[in-house]
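Biologist: I've got a structure open on my screen and I'm not sure how to read it. Could you walk me through a few features?

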Amino acid sequence: MMDYNCAKWKKKRQHILRLDGYVCQIMKRYGKIKPATIVHHIYPAKNFPQYQYCDWNLISVSDEGHNKLENRKTGELTALGKELMRRTKPGQDWRKI
């Protein structure tokens, strides 16, 4: 299970937020600039622990953007979250495409 309080995750989270310029990458697709405060696993860490620290699997999002990707009560991906996962190829950095 993913430990979101460990030093390794905190360091990785800061790295991803910096990479994405602290801007929500989901809301940016809708032409809105919102500050990102959350790092979302495109391939959920509980199902794909081997990808939990991979940059290509992490995306900076705002609270609103995160709600578009994941049902916060159940932890299940929404239709948009599943679509993002389908379009993201393991090992391929979407930031460079």
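**Reading the model together**

Modeller: Sure. Keep in mind that this is a predicted model. Let's start with Met 2: leaving out residues up to four places away in sequence, Met 2 touches Trp 9, His 41, Ala 45, Gln 52 and Tyr 53.

Biologist: Where does Met 2 sit along the chain?

Modeller: Met 2 is in the segment before α1, the helix that covers 7-19. Compare places in sequence with places in space, too: Met 2 and Pro 44 are 42 residues apart in sequence, and their C-alpha atoms are 9.9 Å apart in space.

Biologist: Is Met 2 buried or exposed?

Modeller: Buried means under 20% relative accessible area. Met 2 has 12%, so it counts as buried.

Biologist: Next up, cores. Which residues make up the largest nonpolar core?

Modeller: Look for buried nonpolar residues joined through their side chains. The largest such core here has 12 residues, including Cys 24, Ile 38, Trp 56, Leu 84 and Trp 94. Two elements, α2 (25-29) and β2 (58-61), each supply at least two residues of this core. Another core, of 10 residues, lies apart from it, and among its members are Cys 6, Trp 9, Leu 17 and Tyr 53.

Biologist: What is Trp 56 in contact with?

Modeller: Leaving aside neighbours within four places in sequence, the contacts of Trp 56 include Ile 42, Tyr 43, Pro 90, Trp 94 and Arg 95.

Biologist: And Asn 57, where is that one?

Modeller: Asn 57 lies in the loop between β1 (38-41) and β2. Its relative accessible area is 0%, so Asn 57 is buried. For polar side chains, check which N or O atoms they reach: the side chain of Asn 57 comes to 2.5 Å from the backbone nitrogen of Tyr 43. Not counting residues up to four places away in sequence, Asn 57 also touches His 40, His 41 and Gln 52, among others.

Biologist: How do I find empty space?

Modeller: Rolling a probe the size of a water molecule over the atoms shows where empty space is left. In this model, the largest pocket has a volume of about 300 Å³.

Biologist: Which residues lie nearest the centre of the largest pocket?

Modeller: Tyr 4, Pro 44, Ala 45, Lys 46 and Glu 70 do, out of 13 lining residues. By class, the lining has seven nonpolar, four polar and two charged residues. β1 gives the most to this lining, with three residues.

Terms used. Residues are numbered from 1 along each chain as its sequence is written. This is a predicted model: local features need pLDDT of at least 70, side-chain atom pairs count only at pLDDT 80 or more; totals for chains, interfaces and linings use all residues. Side-chain values use heavy atoms; hydrogens and water are left out. A nonpolar core is a set of buried Ala, Val, Leu, Ile, Met, Phe, Trp, Tyr and Cys residues joined through side-chain atoms within 4.5 Å. Buried means under 20% relative accessible area, exposed over 50%, partly exposed in between (1.4 Å probe, protein chains only). Helices (H or I, at least four residues) and strands (E, at least two) are DSSP runs, numbered from the N terminus. Contact means heavy atoms within 4.5 Å. A polar contact is a pair of N or O atoms within 3.5 Å; within protein, one must be able to donate a hydrogen and the other to accept it, and residues adjacent in sequence count only if both atoms are side-chain atoms. On a 1 Å grid over the protein atoms alone, a cavity is a set of points where a 1.4 Å probe fits but cannot get out, and a pocket is an open set with protein on both sides within 12 Å along at least five of seven lines; lining residues have an atom within 4 Å of a point. Grid points are joined across faces, edges and corners, and a volume is the space filled by probe spheres set on the points. Ala, Val, Leu, Ile, Met, Phe, Trp, Tyr, Cys and Pro count as nonpolar, Asp, Glu, Lys and Arg as charged, and the others, Gly among them, as polar.
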